[in-house]
Amino acid sequence: MNRKNVIGIVLCTFLFVGSFLFVGGIAAYWSFTAFLVVGAGLGITALLSYPFDKILVAMKEAKVAYTAKQITVDQLIFILLDLAVKSKVDGVLSLDKIHQKISISFLRNALAFLVDNYKESEIRDFLSTEMMFFKLRRGQSERVFQNLARVAPAFGVAGSVIGLIGLLMGIDDTQIILKSIPVAFISTLYGVLIGNMLFAPIAEAIQFNTRNELLNQKLIMEAIIAIHREQNPYKLEKKLCSFLAPEQRAGHAEKVRSITKQYLQKRRQENKSALEQREELQQSPIEMGESGTVHMLKNAVAS
């Protein structure tokens, strides 16, 4: 989550909570019984619906959705173009040295298929299968929170019914009435807030992140297949930029030229240093031969 979102959430939360101060104050909206009814009901629903380990996985996915830093499509295109140029200049096998250093697991696996010289159809099949199961796993976590968001208002209504029953049972006792009325009204409030301000946004955040990651994975798959075909990096740049909005496409051709220039300069330096080493090796036997001849002449004169 970026800084602007955090600032907006803090500001809106302050205004939302502040609105309660105008009607009775914060204390008037707290009821442990109402919270217990809604919270316990949601817990029962979750445990009856899903295995406990799947609930933990869903909670971890929710944490990742708000804390993990996502790579942008623009940044990913730059990485893929860099790999394409390196493959074009140094060969596909040169990618074997760097694929283990890449932190994006999907890209690391895709490069492994490329370096191992799998066929194009096999690479597409493997990566498509991985994308499909990734989407299914994320969908399970998303449905956990969608289900809780759906039933939370119902448990708020259940709390209201419990409060009304308590009110009717203590119709002649003022103390019981005063205890039952808050439960009857506040339970509904808790159910609506928990469902629509907590669980529904979490489910949407997981779905949003899933769509973004699937887009990145699709981008990686198309780039790896293009590298496998030994496609020109400039053509690859045009293809990858189709994933961007029109206003975001400017400047990528210059990036390709810059990357290509860097690799070509590096290749020239390596060739130059290799040539110098070869010349040194060729000169060293001659020098040794000359020194040996001089030594033999000195011995002959001495004798």
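**Exercise 1. The loop after α5**

Locate Asn 117 and state whether this residue is buried or exposed.

*Solution.*
Step 1. Asn 117 sits in the loop between α5 and α6. Helices are DSSP runs of H or I with at least four residues, strands are runs of E with at least two, and both are numbered from the N terminus.
Step 2. The model is predicted: local features need pLDDT of at least 70, side-chain atom pairs count only at pLDDT 80 or more, and totals for chains, interfaces and linings use all residues. Residues are numbered from 1 along each chain as its sequence is written, and side-chain values use heavy atoms, with hydrogens and water left out.
Step 3. Asn 117 has a relative accessible area of 63%, so this residue is exposed. The cut-offs are under 20% for buried and over 50% for exposed, with partly exposed in between (1.4 Å probe, protein chains only).
Step 4. Check the backbone. Phi of Asn 117 is positive, near 65°, although the residue is not glycine.
Step 5. Now step back into α5, which Asn 117 follows. Its buried residues are Phe 106, Leu 107, Ala 110, Leu 111, Phe 113, Leu 114 and Val 115.

**Exercise 2. The whole chain**

State how many helices and strands the protein has, and what share of its residues is buried.

*Solution.*
Step 1. Count the elements: there are 9 helices and 0 strands.
Step 2. Read along the sequence, and the pattern is α-α-α-α-α-α-α-α-α.
Step 3. The protein has 303 residues, and 33% of them are buried.
Step 4. Turn to contacts, which are heavy atoms within 4.5 Å. Take those with a separation of 6 or more: 75% join residues 24 or more positions apart.

**Exercise 3. Where α3 meets α6**

Find the angle at which α3 and α6 pack, and list the residues that meet.

*Solution.*
Step 1. The angle is about 95°, and the axes lie 9 Å apart. Axes are lines fitted to C-alpha atoms, for helices over the stretch in contact, and angles run from 0 to 180 degrees between N-to-C directions.
Step 2. With that angle, α3 is roughly perpendicular to α6. The classes are roughly parallel (under 35 degrees), roughly antiparallel (over 145), roughly perpendicular (65 to 115) and oblique (the rest).
Step 3. From α3 come Lys 54, Val 57, Ala 58, Met 59, Glu 61 and Ala 62; from α6 come Arg 138, Gln 140, Ser 141, Val 144 and Phe 145.
Step 4. Sort them by class: 6 are nonpolar, 2 polar and 3 charged. Nonpolar covers Ala, Val, Leu, Ile, Met, Phe, Trp, Tyr, Cys and Pro; charged covers Asp, Glu, Lys and Arg; the others, Gly among them, are polar.

**Exercise 4. Three residues in α3 and α6**

Give the burial of Ala 58, Ser 141 and Asn 147, and name what each touches beyond four places in sequence.

*Solution.*
Step 1. Ala 58 belongs to α3. Its relative accessible area is 0%, so Ala 58 is buried. It touches Ser 141, Val 144, Phe 145 and Ile 206, not counting residues up to four places away.
Step 2. Add a distance. The C-alpha atoms of Ala 58 and Arg 138 are 8.3 Å apart, with these positions 80 residues apart along the chain.
Step 3. Ser 141 belongs to α6. This residue is buried too, at 3%. Its contacts beyond four places are Val 57, Ala 58, Glu 61 and Ile 206.
Step 4. Asn 147 is also in α6. Its relative accessible area is 12%, so Asn 147 is buried. Thr 45, Ser 49 and Tyr 50 are its contacts beyond four places.

**Exercise 5. The two pockets**

Describe the largest pocket and the second largest pocket by volume and lining.

*Solution.*
Step 1. The largest pocket has a volume of about 840 Å³. Of its 26 lining residues, the closest to the centre are Met 1, Asn 5, Ala 65, Tyr 66 and Ala 205.
Step 2. Fix the terms. On a 1 Å grid over the protein atoms alone, a pocket is an open set of points where a 1.4 Å probe fits, with protein on both sides within 12 Å along at least five of seven lines; lining residues have an atom within 4 Å of a point. Points are joined across faces, edges and corners, and the volume is the space filled by probe spheres set on them.
Step 3. α1 (3-21), α3 (52-67) and α7 (174-228) each supply at least two lining residues of the largest pocket. The largest share, 10 residues, comes from α7.
Step 4. This lining has 16 nonpolar, 9 polar and 1 charged residues.
Step 5. The second largest pocket holds about 550 Å³. Its lining has 25 residues, and Glu 61, Phe 134, Arg 138, Glu 213 and Gln 217 are the closest to its centre.
Step 6. Two or more of these lining residues come from each of α3, α5 (105-115), α6 (120-169) and α7. α6 gives the largest share, 8 residues.
Step 7. The second lining splits into 11 nonpolar, 6 polar and 8 charged residues.
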